[in-house]
Amino acid sequence: LRSRHMAKKQIPDSGKTLRALQLPDDLAKGTAFVSLHGQNYVRVENFRGISRYSCEEIRLLTRKGCLCILGSHLEIESYTSDEIEISGRIKSLFFPE
């Protein structure tokens, strides 16, 4: 016979889980990571979406706001739900206020 009282499943503490995975604090908090390779390539991790796209300006939405990439011949090489790769002549990257 089965007991009428079954043990409740414990949901692990997300803080303990993140520590166990040994993720950097910034990555665990969803901060955008920007990797600039010279003036011709940038990779952004932990972005949420694209708000503007042209060959001279790409604006990405992040948890902390917008990231603006200005340049010429800008192209989105590839992207997933949280990572994007952009090529072209990159002139500036900034977070507008």
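## A walk through the strands and their charges

The accessible surface of the protein adds up to about 7,600 Å², and 50% of that belongs to carbon and sulfur atoms; the areas come from the Shrake-Rupley method with a 1.4 Å probe, and for residues only the protein chains shown count as cover. Keep in mind that this is a predicted model, where local features need pLDDT of at least 70 and side-chain atom pairs count only at pLDDT 80 or more, while totals for chains, interfaces and linings use all residues. As for bookkeeping, residues are numbered from 1 along each chain as its sequence is written, and side-chain values use heavy atoms, with hydrogens and water left out.

Start with the overall layout. The protein has 2 helices and 6 strands, and from the N terminus on they come in the order α-α-β-β-β-β-β-β. Both kinds of element are DSSP runs numbered from the N terminus: helices are H or I with at least four residues, strands are E with at least two. Of the 97 residues, 26% count as buried, where buried means under 20% relative accessible area, exposed means over 50%, and partly exposed is in between (1.4 Å probe, protein chains only). If you take the contacts with a separation of 6 or more, residues 24 or more positions apart account for 37% of them; a contact here is heavy atoms within 4.5 Å.

Now to the strands. β1 (residues 33–37) and β2 (residues 41–45) run antiparallel and are joined by 5 bridges; for two strands to pair, DSSP has to find at least two bridges between them. Leu36 stands opposite Val42 in β2. The two strands form a hairpin with 3 residues between them, and Gly38 in the turn has a positive phi of about 65°. Past β2, in the loop that leads to β3 (47–53), sits Asn46. Asn46 also has a positive phi of about 65°, although it is not a glycine, and at 17% relative accessibility it counts as buried.

The β3 and β4 pair comes next. Strand β4 covers residues 57–62, and 5 bridges join it to β3 in an antiparallel arrangement. A hairpin of 3 residues connects β3 to β4. Arg52 has Arg59 in β4 as its bridge partner. Arg52 also meets Glu57 through their side chains, in a salt bridge of 3.4 Å, N to O. Glu57 is buried at 15% relative accessibility, whereas Arg52 is partly exposed at 43%.

That salt bridge is one of 4 in the structure, each defined as a side-chain nitrogen of Lys or Arg within 4 Å of a carboxyl oxygen of Asp or Glu. Arg43 takes part in more of this story. Arg43 forms a salt bridge with Glu45, with the closest N and O atoms 3.3 Å apart, and Glu83 forms one with Arg43 at 3.7 Å. The Glu83 pair links distant parts of the chain, since Glu83 is in strand β6 and Arg43 in strand β2, 40 residues apart. Salt bridges that share partners thus join Arg43, Glu45 and Glu83 into one network. Each of its members is partly exposed: Arg43 at 27% relative accessible area, Glu45 at 23% and Glu83 at 25%.

What about Glu85, which is also in strand β6 (residues 83–94)? Glu85 is buried yet has no salt bridge, and the nearest side chain of opposite charge, Arg43, is 4.5 Å away. For that charge count, Lys and Arg are positive and Asp and Glu negative, while His and the chain ends are not counted. Leaving aside neighbours within four places in sequence, Glu85 is in contact with Tyr41, Val42, Arg43, Glu75, Ile76, Glu77 and Ser78.

Strand β5 (residues 65–79) holds His73. His73 has a positive phi of about 55° although it is not a glycine, and with a relative accessible area of 61% it is exposed.

Last, the cysteines. How many disulfides does the structure hold? There are 0, a disulfide being a pair of cysteine sulfur atoms within 2.5 Å. Cys66 is in no disulfide, and its nearest cysteine sulfur, that of Cys68, is 6.2 Å away. Cys66 is buried, with a relative accessible area of 17%, and Cys68 is buried too, at 1%.
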